[in-house]
Amino acid sequence: MKWSRDISVVGCHAEGEVGRVITGGVLPPPGETLFEQKTHLQNQGDDLRRFLIKEPRGGAFVHCNLVVPPRSPETQAGFIIMEPTDYPPMSGSNSICVATVLLETGMIAMQEPVTHLKLDTPGGVIAVEAECADGKCRSVRTTNVPSFVVKLDASCKVPGVGEITLDIAYGGAFFAIVDARAVGLDLTRENARRLVETGEAIKEAARQQHPVVHPENPGIRDITFVQFTEPVREGADGYKEGRNTVVISPGKLDRSPCGTGTSARLAVLSARDEIKPGETYVSRSILDTRFICRIEAVSTLDDGTVAIVPSLKGRAWITGLHHYGLDPEDPFPEGYTLTDTWYRAL
Ligand SMILES: O=C([O-])C1=[NH+]CCC1
């Protein structure tokens, strides 16, 4: 066997959402910050993402996280999130996968019963609290970056859908949040393809009609995801509970409750005075997996925007240890896609 590339990857999923973790074979990209490193990868090193996420080594369901040395003070490691078409600044399910892999593979020493970490991401520093026992992470609580509302009840004209109302908020990426009833779709597995098609149409229209930029980082801009929601109700355990599903381009649903999407939704609920700091909120996915969430604090951005600091707790499971190699004669060194599983050509 003669490979020109040999990349070590730990397979993992958090509450059903795949979050593979690159643990070897890739040097850190240049850059003084994780955001600069992410930008370098995006602009000059995207072959890594294509090699691992496109077929035949990946698929439209794959997310990959590159572990890099920390850049911010007091952090123990950093990670850069690579998705089927994007490099989001932060990701809840991926943060739970990365923390679980770092601790269960011993890259960072596990402390039982609780390990506290600070991890560096392109969207900022996040705090992680992992409940550990017998060498395993039983749960991971991530305290996310400040999340805030951009617009409530914005109008959006969507070809093939009509005029709808949506909220726009940031939770580590920008989300257009739509009540699923407005498009006549229930959040069921059977509706997955229709939710994706409708969500992608809404995303394109919302990006054009509602351009957004992060007040503290002009490099973080544009709506990345559409989140469909069901109304908040009281769950069986007495906590407020809301189901959602997030559409991830080019064409899949987040199988987890989506930590950044839930963070954006909590910012909207807080702005509408429908949830208080410290109150438990259960976010459920289309698979009915759960993140247990809270608003940990209320803060203000540099421009005076009111923000919340949300946390989400869930669990990840390691599914395999992989070496992805490139045979110099492989005809697909940067992979390929077909619209049968990728929904649209890339
Ligand atoms: O949990 C999260 O924030 C996400 N999961 C996949 C895309 C973003």
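Reader: How do you know which classes of residue make up the shell around the ligand?

Author: In this predicted model, the shell has two nonpolar, seven polar and three charged residues. Ala, Val, Leu, Ile, Met, Phe, Trp, Tyr, Cys and Pro count as nonpolar, Asp, Glu, Lys and Arg as charged, and the others, Gly among them, as polar. Numbering runs from 1 along each chain as its sequence is written, and side-chain values use heavy atoms, without hydrogens or water. As the model is predicted, local features need pLDDT of at least 70 and side-chain atom pairs 80 or more, while totals for chains, interfaces and linings use all residues.

Reader: What makes a residue one of those around the ligand?

Author: One of its heavy atoms must lie within 4 Å of the ligand. Residues that pass include Glu 17, His 63, Asp 254 and Cys 258. Helices α3 (92–104) and α5 (259–271) each supply at least two shell residues; a helix here is a DSSP run of H or I, at least four residues, and a strand a run of E, at least two.

Reader: Why are the pairs with Gly 92, Ser 93 and Gly 259 called polar contacts?

Author: A polar contact is a pair of N or O atoms within 3.5 Å. Ligand oxygen atoms lie 2.8 Å from a polar backbone atom of Gly 92, 2.7 Å from one of Ser 93, and 2.7 Å from a backbone N or O atom of Gly 259. Each distance is within 3.5 Å, so the term applies. Taken alone, the ligand exposes 250 Å² (Shrake-Rupley, 1.4 Å probe), and the protein buries 100% of that.

Reader: How do you know how confident the predictor is in the chain?

Author: By pLDDT, its confidence in each residue from 0 to 100. The chain's mean is 97, and 100% of its residues reach 70 or more. The complex gets an ipTM of 0.98 and a pTM of 0.97.

Reader: What makes the backbone at Pro 113 and Pro 250 worth a look?

Author: The peptide bond from Glu 112 to Pro 113 is cis, with omega near 10°, and Pro 113 sits in the loop between α3 and β6 (114–121). A cis bond also joins Ser 249 and Pro 250, with omega about 5°; Pro 250 lies between β16 (240–248) and β17 (252–253), in the loop.

Conventions
A polar contact is a pair of N or O atoms within 3.5 Å; within protein, one must be able to donate a hydrogen and the other to accept it, and residues adjacent in sequence count only if both atoms are side-chain atoms.
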